[in-house]
Amino acid sequence: MRHASAMARQGARALSTSATHASSSTLAGLVPFLVTLLGQDNAVNELEEQLVECARQAERLVNLEFFGNRAPTRRECGEEVEVDGCGERITRAMLLGQRKHALALRCAKQVLEQLWPASFSIEQRYRFYPHARFLETISKDVAEHAC
């Protein structure tokens with residue numbers, strides 16, 4: 001849960017527009033690699049546009065569900081709404097971020113299944129051992145239950 005809480009806190013700190021720009025910037029850095037895999041520039045552009053639209057759609061849908069046609073206020077975002085299994089406080093922004101993240105990922109998976117010719121992994125989790133400078137993949141279950 002701590003990993004999930006830390007991820008939610010990070011997500012809550014970023015504004016949706018900056019998150020959209022950040023994802024675009026990350027994808028832009030991968031363009032040579034993506035062109036090789038997808039075979040053409042316009043396929044990369046289409047993939048990037050559709051993934052950005054997934055993030056925007058998730059933002060709109062969650063805000064609509066909870067706040068109508070407006071974004072939450074800073075005060076609303078900062079309100080503590082629960083405590084996780086590790087005793088960490090959970091704010092409304094964190095919960096909204098988790099919902100938006102889940103919707104955006106569902107959409108992204110659909111887009112990738114249509115446009116990506118190779119296998120892919122969504123939300124791969126890692127454990128880093130700093131003293132050994134070793135990185136290993138871990139399951140979602142292990143990541144969510146680590147405090």
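This text walks through a predicted model of one protein chain, from its overall layout to single residues.

Begin with the layout. The chain has 147 residues. They form 7 helices and 4 strands. Read from the N terminus, the order is α-α-α-α-α-β-β-α-β-β-α. Five helices therefore come before strand 1, and helix 6 sits between two pairs of strands in that order. A last helix closes the run.

Next, consider how the chain packs. Of its residues, 25% count as buried. The exposed surface comes to about 9900 Å². Carbon and sulfur atoms supply 54% of that area. Contacts can also be sorted by separation in sequence. Among those with a separation of 6 or more, 52% join residues 24 or more positions apart.

How far can each part of the model be trusted? Confidence is uneven along the chain: its lowest mean is 42, in helix 1, and its highest is 96, in helix 5. The average pLDDT of the chain is 76. A score of at least 70 is reached by 68% of the residues. Helix 1 covers residues 2-13. The N-terminal stretch deserves caution as a whole. Over residues 1-25, pLDDT stays under 50. For this stretch the model has 33 contacts beyond four places in sequence.

Now turn to the covalent link. A search of the whole structure finds 1 disulfide. It joins C54 and C107, with the sulfur atoms 2.0 Å apart. C54 lies in helix 4 (residues 41-67) and C107 in helix 6, so the bond ties together parts that are 53 residues apart in sequence. What is the handedness of this disulfide? The torsion about the S-S bond of C54 and C107 is about -65°, so the disulfide is left-handed. Both ends are covered. C54 is buried, with a relative accessible area of 3%. C107 is buried too, at 17% relative accessibility. The cut-off for buried is under 20%, so C107 falls within it.

Salt bridges come next. The structure holds 9 of them. One links R60 to E53, with the closest N and O atoms 2.7 Å apart. Both partners are partly exposed: R60 has a relative accessible area of 46%, and E53 has 32%.

A second bridge pairs R70 with E76. Here the closest N and O atoms are 2.8 Å apart. The two partners fall into separate classes of exposure. R70 is partly exposed, at 38% relative accessibility. E76, by contrast, is buried, at 15%.

A third bridge joins the side chains of E79 and R92, at 2.4 Å from N to O. Which parts of the chain does this pair tie together? E79 lies in the loop between helix 5 (74-78) and strand 1 (80-83), while R92 lies in helix 6 (residues 92-115), so the bridge ties together parts that are 13 residues apart in sequence. E79 is partly exposed, with a relative accessible area of 28%. R92 is partly exposed as well, at 25%. The pair does not stand alone. R75, E79 and R92 are linked in a network of salt bridges.

Helix 6 thus appears twice in this account. It carries C107 of the disulfide. It also carries R92 of the salt-bridge network.

Move on to the surface around the later strands. Y126, F128 and L135 make a nonpolar patch of about 340 Å². F128 belongs to strand 3 (residues 125-129). F128 is partly exposed, with a relative accessible area of 48%. Patch residues need over 30% relative accessible area, so F128 qualifies on that count.

One backbone feature remains. R133 is found in the loop between strand 3 and strand 4 (134-138). What sets its backbone apart? R133 has a positive phi of about 50°, although it is not a glycine. Most residues other than glycine have a negative phi. The side of the loop where R133 sits is open to probe: R133 is exposed, with a relative accessible area of 70%.

To recap, the disulfide joins helix 4 to helix 6. The bridge between E79 and R92 brings the loop before strand 1 to helix 6. Further along, F128 in strand 3 contributes to the nonpolar patch, and R133 follows in the loop before strand 4.

Note on methods:
Residues numbered from 1 in each chain as written. Predicted model: local features only at pLDDT ≥ 70, side-chain atom pairs only at ≥ 80, totals over all residues. Heavy atoms only, no water. Buried < 20%, exposed > 50% of the residue type's maximum accessible area, 1.4 Å probe, protein only. Contact = heavy atoms within 4.5 Å. Areas by Shrake-Rupley, 256 points an atom, 1.4 Å probe, with all protein chains shown as cover. Salt bridge = Lys/Arg side-chain N within 4 Å of Asp/Glu carboxyl O. pLDDT = per-residue confidence, 0-100. Patch = residues over 30% accessible without salt bridge, like charges linked within 9 Å, V, L, I, M, F, W, Y side chains within 5 Å. Disulfide = S-S within 2.5 Å.
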